[in-house]
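The following exercises are to be worked with the sequence and the model at hand. Each task is followed by a solution in steps.

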Amino acid sequence: MFFFSKKKNDIQTQVNEYLELAQKCIEKCVDSFETFYINNGSGENFFRECLKPVHKFESQCDDKRMYIEYIMYEKSLLSESRGDILTILEVTDRLPNKAEMVIREIYKSDLTLPDEFKERFHELFLVNIKAAFAAVWVVKAYFESPKSVVAIHEKIDKLESQSDVMQMHLERAITISQIPDLQKIFLKKFINMIGMLSDVSENISERIKILSVKTVF
Amino acid sequence: MWVLSSSIIMGWALGGNHAGNIFGPAVTSNVFRFRTAALVTSFFIIVGALLEGRAGLETIGNLTGQTDTQAFICMFSAGLVVVLMTLLKLPISTSQAVIGSVIGAGLMGSGVHWGVFTKVVICWIGTPFAAAFSSLIFYILFSKIIKKINPNIFQMDKIIRWGLFFCCIYGAYALGANNVANTTGVFVKSGVITPFAGLVIGSTSMALGILTFSKRVIKTVGSSIVQLNGYAALVSLFASSFTIHFYAALGVPISTSQAAVGAILGIGFVKGLYLVNHKTIIRIFLAWICSPFIAIIITMSLLFFFQS
């Protein structure tokens, strides 16, 4: 009788491992961005030293998620719980994906930040990264103590709003600046990519909030 | 002893048809495999019948006095009603068919003890209300306890699974205690068998019905109840099992389907939702009205035919 099997504990362990990987992916993203920020450019070693580690963790997250999905279909949970966990994993998996995209964009477009906007890009990135870490935190909280989810959600919500405002002002500043048009396009695209981190974090948080209400009625 | 064949067939049909109300959700939720669920339920139906089934035997027996031929015709008629209603795709309550048959026999023979009958009818009317009320109370009570525990998704999953496991056992116990009288009650009163033999034969035939006949029914009933959501399904099952057990203690066989629907309505009430459609309510009401009356008519007709 699989009712007494240890599969469920396995899933919980696997989910925790997945979240650790997602967190490491974001940490690597921060390291890579800091390298880019200090050097103000991607340079020769950027692909090997910055993009590859982020990609490695993003890829490990994907593999782990696929593995969890696979073991969950071995009937070890109620279909309802399985559906909720799958939803969470699916929405959370967008976070390492977006983190990688930010670093990938730096490399692909060989970005450099104009001096007058450098600090503002850094600030925008930090706000979004805070939201991303909080998103991982909210998912962990959901799997440990659903009651604490609401407080974290509010924090993410504020960070996302803050990011929106910062994005808007930064985009306007870039538009009216004297930098070349092509660079303007790249920078705006980059702003949107950074902003996606807090957008996705808010999506995760919203979903988690709804599911936590369901768990605790 | 050949007269008992009708009783065994009735027990078999009863077990096969009604077990779905009890352990369908546990099977469709993958808490149990069918075989395990069927074995566990069969075992606890026998335990429930042996420990608490006697009161129901007395109620059926006290409705009217019968000879062994009348008892056979009663069970035969009740069985016929079950088959007929099933063929006509009309809902059926086995308890009401059996008691209807007993009343029919009483009207043709030694008379009916209307006091006992009144008690039975009051219990029938009370069944959906009692189930709805208990599910409402249990829903609120369990929710408060669970809120205090603040379980995460894995713990909640475990609570629901263990709860369904417990309800499966409790429901089987209650079903055995409540419905065994439907199968052999008339033969105990007529002296064909002893009460203990009645409980053993009745519960064993119900267990046989579960093991051989319930797979399809379980899938249907289980899926429709589980769609509520895990927690609501658990509470509705517990509430209906509790109601069935409550009436077993009073010695009145009731319809498990009516208890199940009542319990679901109770949850709908507390959640502000209407969880049972009008069609289901009408079907249950039809069963409530048709089962006993058709049973009375068939029994009286058969007795009239045999006696004349």
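**Exercise 1.** Is B:N150 buried, partly exposed or exposed, and how many other C-beta atoms lie within 10 Å?

*Solution.* The model is a predicted one.
Step 1. Locate the residue: B:N150 lies in the loop that links α6 and α7 of chain B.
Step 2. Count the neighbours: 15 other C-beta atoms are found within 10 Å of B:N150.
Step 3. Apply the cut-offs: a residue is buried at 20 or more such atoms and exposed at 12 or fewer. B:N150 is therefore partly exposed.
Step 4. Inspect the backbone: the phi of B:N150 is positive, about 50 degrees, although the residue is not a glycine. Most residues other than glycine have a negative phi.

**Exercise 2.** Carry out the analysis for A:D110, and state whether the residue is buried or exposed.

*Solution.*
Step 1. A:D110 is placed in the loop between α4 (94–108) and α5 (115–144) of chain A.
Step 2. A:D110 is not a glycine, yet has a positive phi of about 50 degrees.
Step 3. Because A:D110 has 11 C-beta neighbours inside 10 Å, the residue counts as exposed.

**Exercise 3.** Determine how helices α2 and α3 of chain A are oriented towards each other, and which residues form their contact.

*Solution.*
Step 1. α2 (residues 46–72) and α3 (residues 79–92) of chain A pack at an angle of about 170 degrees, and their axes are 11 Å apart.
Step 2. Angles over 145 degrees count as roughly antiparallel, so α2(A) and α3(A) are roughly antiparallel to each other.
Step 3. From α2(A), the residues A:R65, A:I68, A:E69 and A:M72 meet A:R82, A:I85, A:L86 and A:L89 of α3(A).
Step 4. Sorted by character, the residues of this contact are five nonpolar, three charged and no polar.

**Exercise 4.** Identify the buried residues of helix α3 in chain B and the helices against which they pack.

*Solution.*
Step 1. In α3 (residues 54–63) of chain B, the buried residues are B:G56, B:L57, B:T59, B:I60, B:G61 and B:L63.
Step 2. Their packing partners in chain B are α5 (94–108), α6 (114–149), α7 (153–189), α8 (195–213) and α10 (230–250).

**Exercise 5.** Describe the largest nonpolar core and the surroundings of A:A135.

*Solution.*
Step 1. The largest nonpolar core has 162 residues, of which A:A135, A:V138 and B:C168 touch the most other members.
Step 2. The most residues in this core, 17, come from α7(B).
Step 3. Apart from neighbours within four places in sequence, A:A135 is in contact with A:L95, A:I156, A:S201, A:I204 and A:S205.

Methods:
Residues are numbered from 1 along each chain as its sequence is written. Chains are lettered from A and ligands numbered from 1 in the order in which they are written. This is a predicted model: local features need pLDDT of at least 70, side-chain atom pairs count only at pLDDT 80 or more; totals for chains, interfaces and linings use all residues. Axes are lines fitted to C-alpha atoms, for helices over the stretch in contact, and angles run from 0 to 180 degrees between N-to-C directions. Helices (H or I, at least four residues) and strands (E, at least two) are DSSP runs, numbered from the N terminus. Angles under 35 degrees count as roughly parallel, over 145 as roughly antiparallel, 65 to 115 as roughly perpendicular and the rest as oblique. Two residues are in contact if their C-beta atoms, placed from the backbone, lie within 7 Å. Ala, Val, Leu, Ile, Met, Phe, Trp, Tyr, Cys and Pro count as nonpolar, Asp, Glu, Lys and Arg as charged, and the others, Gly among them, as polar. A nonpolar core is a set of buried Ala, Val, Leu, Ile, Met, Phe, Trp, Tyr and Cys residues joined through C-beta atoms within 7 Å.
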